[in-house]
Amino acid sequence: MADRYVELKSVSKSYGGVPALTAVDFRCEPGRVHAILGENGAGKSTLMKLLAGVIQPDAGTISIGGQTVRFSSPREAAEQGTVCMFQELSLMPHLSVGDNIVLAAPRTRMGMIERSVYREAREALDLVGAKSIPLGARVSGLSLSERQLVEIAKAVFRKPKLLILDEATSALTSELVETVFGVLRMLKEQGVAILFISHRMHEVDAIADRISVFRNGRHIETFDVGARTTDEIVGLMIGRSLEELFPPRRAPVPDTAPVVLNVSNVSWASQLVDVSLAARAGEIVGLGGLDAQGQQQIMHAVFGVLRGVTGRITLNGKRLNGLKPPRVKQSDIGLALVPEDRKTEGLIPSMSVAQNMRLAVLGRAPFGLLDLDGSSEARLQELIERLALTYGSLDDPIATLSGGNQQKVVLAKWLVLSPKCLLLMDPTRGIDLPTKAQIYRLLTDLAAEGMAVILQSTDYEELIHLCDRVYVFYRGSVAKELTGDHLTADALIAASMNVHLHAGAQA
Amino acid sequence: MKPSSMPMRSAAMDFFRDHITYVIFLAITLYFVLFAPHFASVSTASAVLRITAIVSVMAIGMTFVIICGEIDLSVGSVASFSGMIGALLLDQSVPTYVAALLVLGTGAAIGAVSGLLVTKLRIPSFLVTLGMLSIFSGLALTITGTRPVSIVDDDFSNLFWNGSFLAVQAPIWWTMVLTAAGYYLLHQMPYGRRVYATGGNAVAARFSGVRTDGVKIFAFVLCGMTASLAGLMLAARSTAGNPSLGAGLELDVIAAVIIGGTSLFGGYGSIVGSVVGAIFIGILGFGLLVLGLSTSIQEVIKGAIIIIAVSLNRR
């Protein structure tokens, strides 16, 4: 029996009219590790949330063990044996490790928590290779990777029938990843169905039995591991070949080109440690690494959003330390930042398209009056054409634009100032492919015009195919600088984890 | 995205949403015109405008603060305090205009302190200005040991209340001048755009190089200044500085701003809306009075209508 543990039949889900999943048929079997691959926005997280009962499908059915189910809450899903580990760690920092593990299923005797459950919690911790973590330790005192192990122990403790891991290994070192994979293999032997989401190909190769590729909310294809090459899989994920997406590689920027941005020995709190980097005119410099290793903070430090930054930051010889965004955006310095999250950091939702575009240029109007028809207007029109912005009317609320066009508005807001150095934080996250290709071409053009472009990205392809040089961050400092032929996916991944290449890693 | 149908529909929705309070406003005015004796007359209109001038003036300053996503509860007590300071200065034979400017400066300084506490110490403005409300209502009472101070300066009374120019009375002039100035500042100058940006999304505004702290502090300064101007008008009206003149006005002022379509969460709003909101509250009060309802019942009806108007005007 039970050759299919979970089955989805033509399941659709949309958020406020925007489809996140469209007519998805999908199934996974007990005793198999099933990897889900796809870009950001492909629908992976939506799929997980549906299975975990966080959200309900708009259409279609979900069945578990042959029975159609409809979970109205994560609790109901958990009672059926579905255990989910989300990307964001969900531990209570002020509780002990033991309490956190037991919290999910506190068996009680006469209203009191039964003591024996802590013994099981201990066993679960030992099982995942966390023998050194005491049950009584406070979660807030643990390192990121220790927390991740506790999270996995918590999942194991709940004796799942379906275990969903959403980027659960992203904060682990390679040795710990091996330990966790050992646990997964053991659970697999016991007949647990495992869904594994990761964007690291070598991890998928190491643990998964089957792979399903999602793109734009659709289930594209499912195949056994080894049935396709990595390049083929990447092609399936992005829906076209890399050559179509990225502009042709540019000639390397000569060493004689002037250094525009120079960051030397910058530290901040405990999150930046002695960071040095430089960008020449005409260069696209990438900042890579795992999530939150300091690459975001260095951008904020340069742009003047952080306080108490030590070290030296200069732009065309001008010292930037202590200067804030209102100052660094002025034309004599000419720094611009496209922030990480366009919704919360890039745009003012209550304002129109045009008002958002004019926000950075505001201070430049003469006589204290708003400059609505002056020189910036012509420049904006030019940019709108250059960016191929699609919009109804410039006076429409910004929310009427698609994600890609919203990002173009954020870009236009800064480009109207003709910056000398452009900082971009993950500018293509959650953006459709044609727009991605347009933004890549734009960045290449801007660099060709002599701008220094700093691109922080979580997308390895972007770093490899667009950048001249990539600084890989690890725990707040630059772990490695990769250029030319050394700029490969393997090298990037290895440097991100600050380890040497895995045995058998391929990507 | 289909650019054709979406904006059309949302534009129509916007129009309806933005104007629903005006519809209610007109309906209620029409009701009074039809059923309240002698309501439709020039003298009624100018009486209503005079009554509402004080709330209108304060609402204009408050609009900036609320669009920034903050609130200022202290305006009523700042008005009382300013009236007292003004009366005391005049009592010491300080020249009228000097006294007036000193009082406005005091209002600005009080606003600046609130603004600094809100932005630099990151204390919620609700708490800061609740404290300020208490401090200045207490101070207004303490200065003279709760005694009112009478004002004998006719220039002062004429300037802020009793005088008229081109057959329009002083309080109406003040309303019009401040409406024009507020409109210019909020809708025509970069500062206004920064106010909307700060209230709409402070993080994005900061990332766009807007000094959000400075924007908020200046909004509190504006609000403090309009509150002290209202205090001068109140003092001129009763030809005395009385420590409880402004008590409770903050509620009418905030209600006027919200009825006028400004979002209590920041990001949306307009000056004209706030003034219309203030006039709406004035007409409501005056009309109910003319209909012969007791003040206690008036309060009940006023509160209910404000809730209905705001619930229909929700963003």
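These are my notebook entries on a predicted model, covering chain A as a whole and then one of its sheets.

**Entry 1, overall make-up.** I started with the secondary structure and found 18 helices and 22 strands in chain A. I then looked up burial: of the 507 residues in chain A, 44% are buried. I also checked how far along the sequence the contacts reach. Counting contacts in chain A between residues at least 6 apart in sequence, I noted that 67% join residues at least 24 apart.

**Entry 2, domains.** I looked up the domain assignment, which splits chain A into domain 1 (6-241) and domain 2 (244-496). Taken over C-alpha atoms, the centres of domain 1 and domain 2 of chain A are 34 Å apart.

**Entry 3, a sheet.** I traced an open sheet of four strands in chain A, with the order 2-1-4-5 and antiparallel pairing. Strand 2 (18-28) and strand 5 (67-69) of chain A are the edge strands; each has a single partner strand, so one side of each has no neighbour in the sheet. From one strand to the next, I noted an average twist of 35 degrees.

**Entry 4, strands 1 and 2.** I followed the pairing of strand 1 (residues 6-15) of chain A with strand 2 of chain A: the two run antiparallel and are joined by seven bridges. I looked up A:E7 and found its bridge partner in strand 2 of chain A to be A:R27.

**Entry 5, the helix on the sheet.** I checked what packs on this sheet and found helix 1 (residues 44-51) of chain A, which touches strand 1, strand 2 and strand 4 (59-64) of chain A. The direction of helix 1 makes about 115 degrees with that of strand 1 of chain A.

Definitions and conventions:
Residues numbered from 1 in each chain as written. Chains lettered and ligands numbered in written order. Predicted model: local features only at pLDDT ≥ 70, side-chain atom pairs only at ≥ 80, totals over all residues. Pairing = 2+ DSSP bridges. Axes fitted to C-alpha atoms, helices over the stretch in contact; angles between N-to-C directions. Contact = placed C-beta atoms within 7 Å. Buried ≥ 20, exposed ≤ 12 C-beta atoms within 10 Å, placed from the backbone. Domains from an automatic or database assignment.
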